[in-house]
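Visitor: I would like to know how the labels on a model are earned. Can you take me through some of them?

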Amino acid sequence: MAGEKLNTINSSEQTDWRTIVALNATSTLSQIGQFGIGIVVLPLWLAEHGLNATQLGLFASAEWLGMFMGLAVAPKLNVALGHRLVITLGLLVTIFGFAILSNSIWPIWLSSGLLIGLGMGLRWIGLEPWLYRILPSNARGRLVGFHETLMGIAPIVAPMLTKSAGISGNGPLYLGAAITFAALFPLLIARFVPVLNSSLPDTATHAHAAKRKGVLSLGVAIAVIGGITEASFSGLFPIFGSGRNLGANEMATLLSLFGLGGLLLQYLAGWLADHRGLSFAALVCAASTVFFAVIASLPLGFFGLAITIFALGGTITAYLTLSIIAATTAGEGDLSVSIRQVSMAYTASSISGPILAGITMKSLSSDALIWQVGLLAVILCAYLLLKNRAVEE
């Protein structure tokens, strides 16, 4: 496997905290560069360069399409090249996307969005199965929640750094490329990638197959709603903000608060899934999203809007956390397969979400973005309440 000698997981071995810390550091830095700058900040930069709602929706969809492509090919590349090299390729591809963006114009920018997303998809499936495979199973929900908490740093830090670098010039692009490059360094101290013991008996797999399938189907459903919601919100928020007469700095502040909400509430989502079950945690998340979407649709002042966006950051970001918990709970074999399944569901829905939201907002109102967030949460609540069988392990 590309020169990497692989070890076999042994339940008696101590937890490899050095690798866990290294992978979390790589994941955090890359998330700031690829997602924080590439997904959250770039729509502000593009809006400053004159793109309308439809064009912003197309760019956001190009990024998620690129991510979908990365998710599709990454498991095979993990086998052929090794996780470490796949992560490295993902980071370099995103840096190349930023470079093209700084030296071209619309519609060539769409190719940059595709590359940024492609790099993010490669990094995602290169890193997360490796990380989740070595976590102690008795605290999986909380540790996944902790990892997603670190991911929540990205939409806070990226807008703050952008305010310092300036939104009008190419500063955000250089910033995104530099932080993404920095993510390569912690990867150097991660130990070799473990593989699962293929000699494990199949009896447990057969005994729990139906239950695992139910958990995974729930994870996919949450991922679909989460993908449409978060991609639309991140990609079209500048149009929503303009409809509320907000300036670029005010929108950057609100995006930071959105990220802060995601940062602070992901561990809670993981704790809730560990202690009350995945379905209950998802229902709390979806119902809370409905409530805060209704509040956000009201004519609020900046302070009231800030509080509401903070809360939505926590509930919307929790969709992905809960879907990943479902994947790690259901996947007793190669985690690349189950994580890829929910990740591709999340990403595929993210491709269409911004386009639909952009067209709707252009036809109706900039507030249509928040209406879509609430409606999707209502659909998820209905799905959870109508589900007739338990899906928890």
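Guide: Start with a cut-off: buried means under 20% relative accessible area, exposed means over 50%, and partly exposed lies in between. Keep in mind that this model is predicted.

Visitor: Why is Phe185 called partly exposed?

Guide: Its relative accessibility is 49%. Partly exposed covers the range between 20% and 50%, so Phe185 counts as partly exposed.

Visitor: What makes Phe181 partly exposed?

Guide: Phe181 has a relative accessible area of 42%. That value lies between the two cut-offs, so the label is partly exposed.

Visitor: How do you know that Phe181 and Phe185 are edge-to-face?

Guide: Their centres are 5.7 Å apart, and the planes make 85°. Rings pair if their centres lie within 6.5 Å, and planes over 60 degrees apart count as edge-to-face. Both conditions hold, so this is an edge-to-face pair.

Visitor: Why is the pair of Phe233 and Phe258 called stacked?

Guide: The centres are 4.7 Å apart and the planes are at 15°. Stacked needs planes under 30 degrees apart, so this pair is stacked. Phe233 sits in helix 10 and Phe258 in helix 11, 25 residues apart. Both Phe233 and Phe258 are buried. Ring pairs also link Phe233, Phe237, Phe240 and Phe258 into a cluster.

Visitor: How many aromatic pairs are there in the whole structure?

Guide: The search finds eight.

Visitor: Turn to helices. Why are helix 1 and helix 7 called roughly antiparallel?

Guide: Helix 1 (residues 17–48) and helix 7 (residues 171–182) cross at roughly 165°, and their axes come within 7 Å. Angles over 145 degrees count as roughly antiparallel, so the label fits helix 1 and helix 7. Their crossing is left-handed. Among the residues in contact are Ile32 and Trp45 of helix 1 and Leu175 and Ile179 of helix 7. By class, the contact has eleven nonpolar, four polar and no charged residues.

Visitor: What makes helix 11 oblique to helix 12?

Guide: The two pack at about 140°, with axes 7 Å apart. Roughly antiparallel needs over 145 degrees, and roughly perpendicular spans 65 to 115. The angle meets neither range, so helix 11 is oblique to helix 12. The contact includes Leu272 and Arg276 of helix 11 and Phe280 and Val284 of helix 12. It has seven nonpolar, no polar and one charged residues.

Visitor: Is Ile153 buried or partly exposed?

Guide: Ile153 has 23% relative accessibility, so it counts as partly exposed. Ile153 lies in the loop between helix 5 and helix 6. Leaving aside neighbours within four places in sequence, Ile153 is in contact with Thr28, Ile32 and Leu263.

Technical notes
Residues numbered from 1 in each chain as written. Predicted model: local features only at pLDDT ≥ 70, side-chain atom pairs only at ≥ 80, totals over all residues. Heavy atoms only, no water. Axes fitted to C-alpha atoms, helices over the stretch in contact; angles between N-to-C directions. Helix = DSSP H or I, 4+ residues; strand = E, 2+ residues; numbered from the N terminus. Parallel < 35°, antiparallel > 145°, perpendicular 65-115°, else oblique. Contact = heavy atoms within 4.5 Å. Nonpolar A, V, L, I, M, F, W, Y, C, P; charged D, E, K, R; others polar. Buried < 20%, exposed > 50% of the residue type's maximum accessible area, 1.4 Å probe, protein only. Left-handed = near helix turned anticlockwise from the far one by under 90°. Phe/Tyr/Trp six-rings, centres within 6.5 Å; stacked < 30°, edge-to-face > 60°.
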